[in-house]
Amino acid sequence: MTRLAEPERRVLRTVRIRLTIQVAGAITLVVLLLGCLTYCLFARDQRSEVNRALQYAMGSSSPSHSDPCLWLYVERGGRIGRPAQSPAGLPVLGAIRQASLDHRTRTFSEVLDGTHYAVRTEQRGDEVLQAAFDERYLRSDRHNVMETLLVAELVGLVTAVVTGAALAQRAIAPLGRALVRQREFVADTSHELRAPLTRLHTRAQLLARQQSGVLAPSITGELERLVAGSRELAEVMRDRVDLAALAEKAVEAERQRAEQGQLALGLSRPAEPVEVYGSSSPLRRVLSALLDNAIGHSRPGGSILVELRSTEHGRTVRLTVTDSGVGLDPMDRRRIFERLIRSGEGPGSRFGIGLALVRNVVESHGGTVSATGRPGEGAEFTVLLPAAEEPGSPRPIGVIHRRLSLRFARRRPTT
């Protein structure tokens, strides 16, 4: 089953987290609003209860009225009648004097020894009445309601997160399936087109080389443009290839042969993948051809080292195959990459048919190959390839479609 690449998984995770936050936030906000509304209604009912109790006490007009939370004080002719067991600090004399002067009714809250009292004072005829209500039990009830609502809000938040995550997962599931189908389509398209495009590019190269200097310059130029265009089309179809993994497999495949020839075969590569855009099979042939060349031209007791590194801030991948074999004539360092060319017959001679294939594949991948060495002192073959720009998957199908359209549009004859 096709798996999503890390960038796509990262996008889906981001979308899922955002949806979860949005859904959880909406549910939490609703629960919070309901909790606030419930608390406000409860507090309003308590205030109404306190007002009714104060009005009831004043309606009795008797200081002897007995209630465990309610007391009435009556001021008449400078004397204040008070009930038995009156709390310390009551009545509030300042409020009584003020009411006797301006005859206004006042309701306020008074705190005495840490206890909250609702106090109502009003003038009735020649008397000033003051009722006080102990609110400690009502406040305790409000505190309990607040704690209950807080617990409910926390439970609602957890439920909202779980619900939001489930809804977000269901919402992005179609997107994930669509991305998987897109990747499968891109992979299938690349697989189907890669082989014919490679053959087209190879044949165009052969035709251009065979007819170079034979046909008219205008036709030769068109052949060269055909080679370039076929190479660009092949590049579009390529996947990300871990060149380090290919190098490791190639070295392991040749290790037994190297040991039989008494050669030390080593590999130096980074721990992380070294990726390029390309086709695995042709790049594998490049590694095999370079190793075959090195083993075939090395003496017993010699050594071969395959080294892979990223250079130029990760923009280029550098592959080197160094051997301590027969070496290389500096005069032939370019000719050995030409098809059916042999560089001399003595020390430093090397066959070029495999190396010609190496050059074709490397150049078709937008890279270069070169060789250095001296007769009897070994040789070093260096392949430079453009590194894959960003971690992820094959190039998007939109890019493939646009580039295919542009290439074929450029080849369309005009009338």
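Is threonine 316 buried or exposed? In this predicted model, threonine 316 has a relative accessible area of 13%. Residues under 20% count as buried, so threonine 316 is buried. The residue is found in strand E10. Leaving out residues up to four places away in sequence, threonine 316 touches Arg309, Ser310, Thr311, Leu384, Leu385 and Ala387.

**The sheet that holds E10**

Strand E10 belongs to an open sheet of five strands, ordered E7-E9-E10-E12-E11, in which the pairing is mixed. The edges are taken by strand E7 (264-268) and strand E11 (368-373); each has a single partner strand, so one side of each has no neighbour in the sheet. On average, neighbouring strands here are turned by 15° against each other, direction ignored. Within the sheet, E10 (residues 316-323) pairs with E12 (residues 379-386) in the antiparallel sense. Leucine 319 is placed opposite valine 383 of E12.

Helix H5 (residues 243-260) lies across E7, strand E9 (303-311), E10 and E12, and runs at about 170° to E7.

**The second sheet**

Another open sheet of five strands follows the order E2-E1-E5-E4-E3, and its pairing is antiparallel. Strand E2 (79-81) and strand E3 (106-112) are the edge strands; because each has a single partner strand, one side of each is left without a neighbour in the sheet. Neighbouring strands of this sheet are turned by 25° against each other on average, direction ignored.

E3 and E4 form a hairpin with two residues between the strands, and aspartate 113 in this hairpin takes a positive phi near 55°. Helix H1 (residues 6-60) lies across strand E1 (70-76), E3, E4 and E5, running at about 140° to E5.

Three strand pairs from the two sheets are listed below, each with a pair of residues that stand opposite one another.

| Strand pair | Sense and bridges | Opposite residues |
|---|---|---|
| E10 and E12 | antiparallel, eight bridges | Leucine 319 and valine 383 |
| E4 and E5 | antiparallel, eight bridges | Glutamate 122 and leucine 129 |
| E3 and E4 | antiparallel, seven bridges | Valine 111 and histidine 116 |

**A buried threonine in H1**

Threonine 20 lies in helix H1. Its relative accessibility is 14%, so threonine 20 counts as buried. Apart from neighbours within four places in sequence, threonine 20 is in contact with Val161, Gly164, Ala165 and Ala168.

**Nonpolar cores and helix H6**

The largest nonpolar core has 39 residues, of which Leu290, Ile304 and Phe381 touch the most other members. Two or more residues each come from H5, helix H6 (280-296), E9, E10, helix H7 (353-364), E11 and E12. Another core, of 14 residues, lies apart from the largest one; among its members are Leu70, Leu72, Phe133 and Leu138.

Which residues of H6 are buried? They are Pro282, Leu283, Val286, Leu287, Leu290, Leu291, Asn293, Ala294 and Ile295. An α-helix has 3.6 residues a turn, so residues three or four places apart point the same way. The length of H6 can be checked as well: at 1.5 Å a residue, its 17 residues should span 24 Å, and the end C-alpha atoms are 24 Å apart, which agrees.

Technical notes. Residues are numbered from 1 along each chain as its sequence is written. This is a predicted model: local features need pLDDT of at least 70, side-chain atom pairs count only at pLDDT 80 or more; totals for chains, interfaces and linings use all residues. Side-chain values use heavy atoms; hydrogens and water are left out. Two strands pair if DSSP finds at least two bridges between them. Helices (H or I, at least four residues) and strands (E, at least two) are DSSP runs, numbered from the N terminus. Axes are lines fitted to C-alpha atoms, for helices over the stretch in contact, and angles run from 0 to 180 degrees between N-to-C directions. Contact means heavy atoms within 4.5 Å. Buried means under 20% relative accessible area, exposed over 50%, partly exposed in between (1.4 Å probe, protein chains only). A nonpolar core is a set of buried Ala, Val, Leu, Ile, Met, Phe, Trp, Tyr and Cys residues joined through side-chain atoms within 4.5 Å. The expected span of a helix is 1.5 Å times one less than its number of residues.
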